[in-house]
Amino acid sequence: MLNGKHIILGITGGIAVYKSAELVRLLKKQGARVSVVMTEGAKKFVTPLTFATLSGEPVYDSLWLNRVGADSNIAHINLSREADAMLIAPCTANVMAKIAHGVSDDLLSNLVLARDRGACPLAIAPAMNVQMWDNPATQRNLAHIIQDGIHIFGPAHGEQACGEIGAGRMIEPTEIVSLLPKLFTSQSLAGKRVLITAGPTFEAIDPVRGITNHSSGKMGYALAHAAQCAGASVTLISGKTALPTPYGVTRIDVQSADDMLAACQNHVAGQDIFIAVAAVADWKVAHVANQKIKKAHTDDVLSLDFVQTPDILATIANLPNAPYCVGFAAESEHVIEYAQAKRIKKNIPLIIANQGPATFGSEYNQVSLVSAEGVKTLPNMRKDVLAQQLIQAIAEQFRSTQK
Ligand code: C5P
């Protein structure tokens with residue numbers, strides 16, 4: 001989502017500046033163009049050369065240009081006009097105060113004030129001592145900034161450079177990068193709550209063995225991230241995956257289908273939307289052995305009895321105050337036909353059909369949205385891009401049910 005975006009990265013004078021070097025690298029890796037603007041304080045911590053080298057662009061640090069005349073650039077206007085977004089990381093208490101009150105006494109604060117607010121959204125990642133953060137003056141400034149529609153990333157709670165512990169640490173560069181797409185996403189789920197299942201389940205056979213599947217969790221995690229970027233408060237109920245939790249998403253780890261159902265039932269109250277992406281095992285062994293089954297105690301063939309697992313999606317969809325429910329259908333043949341039949345059987349308004357084996361573990365997916373109104377097929381695309389499109393489509397369908 002950051003590919004091709006031009007981001008002005010404002011860097012102010014706090015010890016967290018060292019993390020901004022990594023931030024530039026990560027933004028560049030995502031395909032963004034980064035123009036760095038430094039305050040005088042920031043330059044005391046790290047030299048502009050570091051950022052010029054990492055960004056591949058000149059670093060801007062002064063409102064007063066060397067050249068004066070008709071052709072001189074007006075940096076504080078031109079820079080922000082060219083940019084898709086502005087991010088200030090780290091943002092000190094002083095710069096927060098300037099933003100809150102419209103003070104413009106250096107290039108960065110002029111850029112904040114002079115930007116076209118519709119075309120160039122602003123996010124700040126505060127970084128300061130816990131007492132400075134908790135100070136009523138900073139909290140008043142924060143309230144003003146939020147009211148002005150500026151995004152606040154963090155701060156985190158933890159040990160600080162000064163040795164004190166509390167809120168005020170800048171959030172990590174990876175977390176900032178994962179929040180930035182919010183600036184380019186329609187807030188179609190603002191104030192909504194979304195519950196998502198993802199990943200495989202694991203059905204125990206005995207204390208050391210079990211049955212699972214190839215689901216990587218990528219699609220469900222991408223949807224959780226996309227829903228969060230669209231303004232939702234997201235709870236992700238996940239089977240075992242190797243994926244990091246998207247920043248800001250509440251994750252609950254489960255193992256079996258029964259655990260996943262119990263977690264969904266515990267968290268479904270107050271949810272607006274439920275998206276079942278998990279590849280839930282269809283069967284579990286009827287009797288889980290208490291001890292490891294020994295080869296010596298069996299013949300060459302081990303026989304196990306299986307019973308069906310509960311259908312989580314159908315159970316949630318048939319609750320009296322059910323959220324708007326969306327399912328996934330991984331099929332190897334007759335994809336649309338089977339998906340439509342599943343949608344009707346589970347009593348849900350929308351099911352997303354895909355080729356099961358082809359998508360497991362892949363970065364890409366090709367899906368069709370199957371509803372009572374018909375079928376909409378999307379092109380093959382990256383799961384993160386697809387997730388944004390699916391979330392916007394789900395939000396639209398959800399809204400139509402609220403009228
Ligand atoms: O019935 P089937 O497994 O083909 O349906 C797939 C959809 O139902 C997916 O959305 C999956 O997460 C959900 N499901 C479920 N509980 C099950 C089986 C599937 O929630 N036991």
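Which polar side-chain atom lies 2.9 Å from an oxygen atom of the ligand? I looked this up first and found that the atom belongs to K346, counting as a polar contact any pair of N or O atoms within 3.5 Å.

The model is predicted, so I kept local features to pLDDT of at least 70 and side-chain atom pairs to pLDDT 80 or more, while totals for chains, interfaces and linings use all residues. Residues are numbered from 1 along each chain as its sequence is written, and side-chain values use heavy atoms, with hydrogens and water left out.

Ligand shell. I noted two backbone N or O atoms facing the ligand: that of P310 lies 2.7 Å from a ligand nitrogen, and that of L313 lies 2.8 Å from a ligand oxygen. Taken alone the ligand exposes 440 Å², of which the protein buries 86% (Shrake-Rupley areas, 1.4 Å probe). The shell holds 14 residues, with A276, A278, P310, F328 and K342 coming nearest (a heavy atom within 4 Å).

Pocket. I then found the ligand in the largest pocket (more than half of its atoms within 2 Å of the grid points), whose volume is about 1,200 Å³. A pocket here is an open set of points on a 1 Å grid over the protein atoms alone, where a 1.4 Å probe fits, with protein on both sides within 12 Å along at least five of seven lines, and lining residues have an atom within 4 Å of a point. Of its 45 lining residues, A278, A279, V280, D282 and K342 are the closest to the centre.

Conventions. Polar contact = N/O pair within 3.5 Å; in protein donor to acceptor, adjacent residues only side chain to side chain. Points joined across faces, edges and corners; volume = space filled by probe spheres on them.
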